[in-house]
Amino acid sequence: MKLTRSIVRPLGACLLAAAFFFLVFVHKLDDVGVWDPVELDHAEAARTAEVKPTGWLAQHSIALGFRLLGTNAFAGRLPLVVWGLVGVFALFALVASFRPKRVAVWAAAALSTMPLYFVQSRTMLGDIVTTASGSVALAGLAIATFAAASPRVRLGSLGLGLLGVVCGVLTRGALIGAAVPSLAVGIVWALTHDVHRGRLSRIAGSLSFALGVCAVLTFVVARHSGQHTLLIGFQAAPGDRPTFDTTIANVVHSTFPWSALLPFAFAKVFARTALPVGGDEKKGRDALGPLFCLVAFIAYGAHAIAGAPSIAFCAPYALAGIITLSLSDLGRHPHSWAPLAAFTTCFAFLIARDYIKLSEKVFSPYALANVALPESFRTTSDRTVWLAAGALIAGVVVTALAAQLPLAHSSVRRHGATIVLSCAVISGLVFRLRYYPQLGTHLSPKGAFDSYNKLRKKGEPLGLLSVDPRGGRYMHAGDTIQMPGAAEAFTWLTNAKDRHWLLLRGGDLPTLNALQREKEGRNLTILDARSSEMLLATNQLAEREHNDNPLDQIVLAQAPPLPHRLDAKFGESLEPLGWLTLDGRGQSVEGVSAGRTYRLRIFYRVTDKLPGAYCTFIHIEHTPTRFSAEHKEAEWARYPMRFWRKGDVIADEFAVSLPASFRAGKYPLYIGLDQLPCVGDHRVPVTRGAHVDQRLEAGLLEVLP
Amino acid sequence: MSALIRTRLAAGAVAIAGLALAFAVMAADRIIACGAYLGLFGTAVSTCALLALTHTFAKPSDPHASVSWRSLVPQVSALLVSTILFAAGMRLAVGGMLSVAITVWFVPLTFIAIVIALFRLGEALGAYALDEQSMHRPLSRRHGFWVVFAQTAYSLPMLGSFGLTDPWETHYGEVARELISRDDWISTWWAHEGWFHSKPILGFWMQALSMRFFGVDASPDHVLIGIGHHIAHPEWATRLPNFLLQTVCIYILYKGVARAWTRRAGLLAAIVLIAMPQWALLGHQAMPDMPLVSCLSAAMGLILFALCAKADATLRTYRITFGRASVQLSAMDIVTSIVLFTTLAQISYLFSRNVDLQLVAAPHGFRGHLDVFSAGSRGNCNLPGQLSCLTQRPVHNALQPALQALAWLTLTIVYLSFVHNERRVQRAAFLGAWAFAALSVMAKGPAGIALPAGTLLLYVIATRQWGVLTAIEIVPGLLAFAVMVLPWYVATYARHGNLFFNELVLTHMVGRTLNHLHDTNEGDDTSIRFYLWQLGYACFPWVGLAPLAFFSGKPIEETEQRNSPRLFMALWLLLAFGLFSTMLTKFHHYIFPAVPPIAVLIGVWLDKGIHSDDRLPTATLALAGAVMTATVGFDLIQNGATIGQARFLHLLAYQYRRAWPENIEYRPVLTATIVVCACFATAIAIARFRRVGATAFVLTSAVFSVWLLDVYLVKLAPHYGQRPVFDAYYRTRHSADEPIVAYQLNWKGENFYTGNHTALFVSSGPPMREYLSRLVRDGKRTVYFAAEHQRINSLRSEAATVGPISHFDVLTTQQESNKFALVRVDFGAPR
């Protein structure tokens, strides 16, 4: 029985842990292609041994992977997965040195399921090396300084800690790479040196402090001189320095769902009382929470000083530690559940909403600031985000409600923290298994390369337009032809008699499409548009293939049957043909209801090339406040007006959501064009049709009761 | 007839007489001199009489103290004298008779004299004779006095000495001015855009009453006409109500904090709040945000007070004898008076909408009629750009104001029947919280009730004090809420129907939550970080103590106590942050309701936490504070696309991208503050220097806030408002026959400072040329223009198309105002 317990349980735990780590870090590692260009740049630098001013160690780790396993995404990413695992184990070791192992297990699980951590581990972005080094340095130095372990273990830890510091410097320089963990340990030791009096504690503590101070001074000197970029470790973003909250926002977004627990965890971690054990262990136990907090604060300060929002926050391990330390003994304080639920629900809701409404803002830590994401991604990702947030909210709310029941106290004490932490892990896994793979699909040309590999026949060449040809190397694309420009690419694609393929960026589609329309009066044939950024075009459509050109919704050969036809003209170039209203299911409707969102599509025929750039607008007249909407340059970016050719039919779609003040009735609809910047004073004249102030009278929009 | 019945009959008669006086002032067909004072007096008398009528003054319990009215005469006299001196000082300041150097001393000192007189009165009455530990504490050792003193010393000296900021202050000031000018206190009017329905009424009433009390001439073209040949300073009158409300409410919040922790914690919390940039700056702005937040803070303070009170504790009562008669007063009477005063004033006014007291028109006397009201800016309707004046009838004619008044009167009586016997401390505090929440809603909308209610509910759930739900007096509370808040809503709805409802409720309350409405944060990241960002500046440099305040010490939910005021504050902060972060319309100042709990938490830490022997957490958090001070402060001295030093001004601005004046440089002061505060925060980390560091931090922050109010804001104001332009106009023009034109302006200052007596050309072109031609034809050859500097050349071109110009003079410089200029154009051939 004893034997079974001593073998089976550890073995089972190991297997479970292995399965978990495999799922989080290794599973389908190369399913998502190399992110173009952010990941590709790092991969190529590693492959070509290009001398880069920052991230030396990350670069060499990736290079080692290529050398051992060949040039492919899996090979490049695998060493970083190893770094990720090292960071997790270091955190586990640190927490396990001062707290029960179950707390350490939760800390490891929390860190593993933080998006910032697993995304960095599973891509060649490189910052996982900094994070893992920091985790190792912190664990090593803290165990050496504060733990009650044997001198041998502590000496070994000190060695590992120093190694972590060196690795940190080699990745992100002296400040972010080295100062963060060593200064934190050093300060905590300096503040508690009278209770940590052992010789080894003194050596390790003072060494940490000295290292931290030296690292800061080194950074200051190096930055002042502007040289020694390895010691600086990063390049500040051009333009205005980011404000102080940028780092906070990056942390909050990139560690969601765990970040929703952070405000409460910070409040708790300083308040928790030590368990009744004596000796150094107790002192170390008391120091662990403040130590993690200090790491987080110093890391925040370092990032804020760096002013480089694209650098991933270097201390997620500290956040994982704070959360798990705080929650692990929450069962002893049943009054805490309701505040936990309130704080977590509020923050989870706010952050989830950011993911949905402002998704272009949440990817800065992956150097993806202001990335444009297509509607298709948003639709699916919104559900995923709500699912993940919902899992966490459900966990804390159910636990809090259960804690309110008098009889439930003991069980809540036993299992409440487990329920909350499990829900957070599940929530993190939802991000790992659904959200980020979906995101990766849009950032990588892999889907398009895969389609090419699947559909092509032997000898059918692939051209690349504005797509980094280096990417093909990681996606088994074979030889590719780099196109110098859009015109050449179009000629190459369309003049060929046999089938040619072209991989292009979303930004080049309007140019090519306009050329195609000029030549043949139809849109370019796109066979793979799963990624909004990377599209696969061809010159011939085979059987059972269909054109998937996203511009089919905007530029057409002829308008569909229109319930509201118009006979009018703006200037000399544009004839409005009519308009229709579509409901949420895409069905044409006659009337609209206030408070619901509809799509009002206006169709124009281009009769001549437009002489300038305009905005289009609609007014739905209503007293006292009219409904108005306009499309400026940004909205026309998918198919700018300079590409509009004679004969094109353009669909201009407005989202119309009338406020409740629109009562049932018929309201005049006006449409018009104005010269940019569209302040209402240079409207394009209506040369045919009734108008008011150069706004075409387009009929009446019926508002239903 | 028994004595009781005789007393009640007398009280009833006095109540009716008081109401009648207020009613007569309101119903008069001309504005009566001193009418505001008479109306106030009548309503106050009526309020007291109603309390007497409902037997509120005859309390069964033994009084805590009993005094004869004769012994109060000196104190009451001192109170009257100091009030008269204060009012006279204000009147002279508004009239432009007192220089700034005199005003900054005279007005605050007379106000402090009122406070001292009130204290002496309270002392004589017995309320302040002994403290809660039955100890005699002189005024100088009264923490509450120092709260009021600090608030006065910070906020009052320069309150009205600089111009109104465009567009918020001038916008709201103009709506308030129109209440007086149009003599219509229900339907609010906004200059050339018609009915104004984007904000509730409290702020406008307070501003308008203050203008009436202190002698602002609200008629067209007279706002800046002061006493004699002086240029008026109406800013004193428009901003004073916010100061008074701020002072009362911060005192109440202090009382709540003092009850929950200690008096010193209350004092420190109040000082931190007073010196917080957003509280300080918005206290100097005639915007509805300060009434919202100050009343909200008072409501929270009272809830806190109630939560910490014993359920069965009763209020102290103080008897004043008048011969054989006597009245017995308690704090509950103040609560009931607030409700009654607010309601009775509205009831009188509603009655007066159906009856005219014809003093001018014949036949003289009272005349009953159905409600009618006027659209248009009286006296300005014929000016270009202004709307025509029209007479209108209510949309819902059956809902006549007198009927509404009867309904509210009935509900008020029902309310009185619930509360007139209330003697319990906890219940009285909760009823007071209801009253202040109602005022808060009257100021800016439902956040005023949503935040206290939400916070209390979460608090009850978290602490499982379910008994509190029965103590919060839901029925009388809702009644108080209804009779205070709803009369204006219903009256306005009856007049304007769905137009009002759609505009105020759907567009500006619901719409701002669910949509972007008029917000100006294009290009800014409006994610969760938006209000973290603004709170950093709103609380600078106190942000350096925020980590200590938020995270240090044992959360009280883990202590033996059931009550957890700290949790209450944390929930207030959470809900305020969550609510305003959820709203899609985001102005920087919207996060203001989250500032008071931060100040309280910091104050409490300064009181308690500073003595903690928990050195490691304290040191860690102090270092975090130093980092926060440095990182937030660094933003303030950056000169990029956004000028860092403008971030304080952005806490109260509408447009965040307006040009910073080139001749103003604050970075040296800001840099020094950042360095000093970061050093002091670091010193807190070292146990030996903790107290010194914290004290120095507090002093530095307090001095910084004085600088912010009396230097930063005062020097910037001319560049963010139009006072310099219109000041110059009224000084320069020879007569009213030299009109002023607002040329391509829509910044609202042009409306307020002229009493809306200006030709408005938001877009110029043919209409303006036609107007100018007509002026020239009528012999008015000198015309003034208020314009933005960059539009002066186009003004010159347009003016030249009207006819020959003999002079085209720009009368104000970029140094006076970097945005607006006064231009004088003399039409006619050059001589």
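Which residue takes a positive phi in the hairpin of E18(A) and E19(A)? Select that hairpin to start; keep in mind as you go that this is a predicted model. There are two residues between the strands, and Asp693(A) is the one with the positive phi, near 55°.

**Stop 1: around E19 of chain A**

Stay with the hairpin and show its strands. E18(A), residues 691–692, runs antiparallel to E19(A), and two bridges join them. Pick His691(A) and look across: Leu696(A) in E19(A) stands opposite.

Now extend the selection to the whole of E19(A), residues 695–704, and add E11(A), residues 591–593. This pair is parallel, with three bridges. Val592(A) has Val703(A) as its bridge partner in E19(A). Keep Val703(A) highlighted and bring in Gly665(A), whose bridge partner in E19(A) is again Val703(A). Gly665(A) belongs to E16(A), residues 665–675, which pairs with E19(A) in the antiparallel sense over six bridges.

**Stop 2: the domains of chain A**

Zoom out and colour chain A by its domain assignment: domain 1 covers 2–443, domain 2 covers 446–551 and domain 3 covers 555–704. Between the C-alpha centres of domains 2 and 3 of chain A you should find 33 Å. Where these two domains touch, each gives nine residues to the contact. On the domain 2 side, the residues split into three nonpolar, three polar and three charged.

**Stop 3: a five-stranded sheet in chain A**

Next, pick out the open sheet with the order E2-E1-E3-E5-E4 in chain A, where the pairing is mixed. E2(A) (481–482) and E4(A) (526–528) are the edge strands; each has a single partner strand, so one side of each has no neighbour in the sheet. At the E4(A) end, follow the two bridges across to E5(A), residues 534–538, an antiparallel pairing. Ile526(A) is a good one to click on, with Ala537(A) of E5(A) opposite.

**Stop 4: where chain A meets chain B**

Show both chains and select the contact between them: 43 residues come from chain A and 47 from chain B. Which helix of chain A gives the most to the side that touches chain B? That's H13(A), with nine residues. H13(A) spans 279–306, and the helices that each supply at least two residues also include H8(A) (151–192), H11(A) (245–254), H12(A) (262–269) and H15(A) (337–357). Colour this side of chain A by class and you get 28 nonpolar, nine polar and six charged residues.

**Stop 5: a small tour of chain B**

In chain B, go to the open sheet of three strands, ordered E1-E4-E5 with mixed pairing. E1(B) (65–68) and E5(B) (325–329) each have a single partner strand, so one side of each is left without a neighbour in the sheet. Neighbouring strands here are turned by 20° against each other on average, direction ignored. E4(B), residues 318–322, runs antiparallel to E5(B), and five bridges join the two. Phe322(B) has Ala325(B) of E5(B) opposite. Now add H3(B), residues 69–94: this helix packs on the sheet, touching E1(B) and E4(B), and its direction makes about 80° with that of E1(B).

Last selection: H6(B), residues 168–181. Is this helix mostly covered or mostly open? Mostly covered, with 14 of its 14 residues buried. Try the distance between its end C-alpha atoms too: they are 20 Å apart, which agrees with the 20 Å that 14 residues should span at 1.5 Å a residue. Just beyond, H6(B) is followed by Asp183(B), whose phi is positive, near 50°.

Methods:
Residues are numbered from 1 along each chain as its sequence is written. Chains are lettered from A and ligands numbered from 1 in the order in which they are written. This is a predicted model: local features need pLDDT of at least 70, side-chain atom pairs count only at pLDDT 80 or more; totals for chains, interfaces and linings use all residues. Two strands pair if DSSP finds at least two bridges between them. Helices (H or I, at least four residues) and strands (E, at least two) are DSSP runs, numbered from the N terminus. Axes are lines fitted to C-alpha atoms, for helices over the stretch in contact, and angles run from 0 to 180 degrees between N-to-C directions. Two residues are in contact if their C-beta atoms, placed from the backbone, lie within 7 Å. Domain bounds come from an automatic or database domain assignment. Ala, Val, Leu, Ile, Met, Phe, Trp, Tyr, Cys and Pro count as nonpolar, Asp, Glu, Lys and Arg as charged, and the others, Gly among them, as polar. The expected span of a helix is 1.5 Å times one less than its number of residues. A residue is buried if 20 or more other C-beta atoms lie within 10 Å of its own, exposed if 12 or fewer, and partly exposed in between; C-beta atoms are placed from the backbone.
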